[in-house]
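Here is the note that goes with the structure, arranged as numbered points. Please read each point with the sequence and the coordinates open beside it.

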Amino acid sequence: MPVTRRLLPAAVALAAAALLGGCAQVGTALEADDTATRDTDSGEVTASGRIDVFALSVGDCLDDQSEEQVYDVPVVPCSEPHSYEVFHEAVLPDGAWPGEESVWAAADEACYAAFSDFVGLPYEESVLEFTSYTPTQVSWEEGGDRIVSCIIGEPGVQSTGSLAGAAR
């Protein structure tokens, strides 16, 4: 599973995309009227839809997401079939943009470190794999984005419920 980069919040992303000529993707994301619903007390997703990538929380379950750069992601209640789950969130240190490779390496390290505690098995013994949503240079420099959202799933397999303690 590739590392996935997150983009700026919609208003800033729209301005940046207009300058870079990528309006079509932004426009599609902004026009979506299928916003997911969360329980006000627990924060759990209760109705499928799309949410801003910056609004992802540990425990959110996602439908298959193959885009490399995303603004919003498809989420579903975890009781419904899904491809991935957000299992950990890490915050990268402040400072100048360290470069794409450094961000990806830090994300891999953070997700790898959290994997065995979450799954109940070391990564090397598990059938599950992880990927992550990571900051881009623009979201880092313009939006202060330092969040890595670690995503777990079994390639080609949909799950119901959480993979916490799955030990597989």
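The points below move from the overall make-up to the strands, then to the aromatic rings and the loops.

1. Overall make-up. This is a predicted model, and the chain in it has four helices and ten strands. Read along the sequence, these elements come in the pattern β-α-α-β-β-β-β-β-β-β-α-β-α-β. Of the 168 residues in the protein, 42% are buried. The accessible surface comes to about 8,400 Å², and 52% of that surface belongs to carbon and sulfur atoms. When contacts between residues at least 6 apart in sequence are considered, 62% of them join residues that are at least 24 apart.

2. Strand 8 and its partners. Strand 8 covers residues 84–91 and pairs in the antiparallel sense with strand 5, residues 61–62, over two bridges. In that pairing, L62 has Y84 of strand 8 as its bridge partner. Strand 8 also pairs with strand 10, residues 147–153, again in the antiparallel sense and over six bridges. Two positions help to place this second pairing on the screen: V86 has I151 of strand 10 as its bridge partner, and E89 stands opposite S149 of strand 10.

3. Strand 10 and strand 9. Strand 10 is also paired with strand 9, in the antiparallel sense and over five bridges. Here E129 has G153 of strand 10 as its bridge partner, while F130 stands opposite I152 of strand 10. How enclosed is strand 10 by the rest of the structure? Six of its seven residues are buried, so strand 10 is largely enclosed. Strand 9 is mostly covered as well, with five of its six residues buried.

4. The aromatic rings. The structure holds seven aromatic pairs. A pair of aromatic rings is described by the distance of the centres and the angle of the planes. For F87 and F115 the ring centres are 6.3 Å apart and the planes stand at 85°, which is over the 60 degrees that the edge-to-face class requires, so this pair is edge-to-face. Because F87 lies in strand 8 and F115 in helix 3, residues 100–119, the pair ties together parts that are 28 residues apart in sequence. Both F87 and F115 are buried, and the relative accessibility of F115 is 0%.

5. A second pair at F115. Why is the pair of F115 and F130 described as tilted? The ring centres lie 6.2 Å apart and the planes are at 50°, an angle between the 30 degrees below which a pair is stacked and the 60 degrees above which it is edge-to-face, so the pair is tilted. F115 belongs to helix 3 and F130 to strand 9, residues 129–134, so this pair ties together parts that are 15 residues apart in sequence. F130 has a relative accessible area of 13%, which is under the 20% cut-off, so F130 counts as buried. Ring pairs also extend beyond these residues, linking F87, Y112, F115, F118, Y123 and F130 into a cluster.

6. The loop before strand 10. D145 is found in the loop between helix 4, residues 137–143, and strand 10. Is D145 buried or exposed? With a relative accessible area of 5%, D145 is buried. The side chain of D145 reaches the backbone nitrogen of I147 at 3.1 Å. A further position to inspect is R146, which lies over the face of W140 at 3.9 Å from the ring centre.

7. The loop before strand 9. E125 has its place in the loop between helix 3 and strand 9. The relative accessible area of E125 is 55%, which is over the 50% cut-off, so E125 counts as exposed. Where the chain is followed further, the C-alpha atoms of E125 and R168 are separated by 7.7 Å, although these two residues are 43 residues apart along the chain.

Conventions
Residues numbered from 1 in each chain as written. Predicted model: local features only at pLDDT ≥ 70, side-chain atom pairs only at ≥ 80, totals over all residues. Heavy atoms only, no water. Phe/Tyr/Trp six-rings, centres within 6.5 Å; stacked < 30°, edge-to-face > 60°. Buried < 20%, exposed > 50% of the residue type's maximum accessible area, 1.4 Å probe, protein only. Lys NZ or Arg CZ within 6 Å of the ring centre and 35° of its normal. Pairing = 2+ DSSP bridges. Contact = heavy atoms within 4.5 Å. Areas by Shrake-Rupley, 256 points an atom, 1.4 Å probe, with all protein chains shown as cover. Polar contact = N/O pair within 3.5 Å; in protein donor to acceptor, adjacent residues only side chain to side chain.
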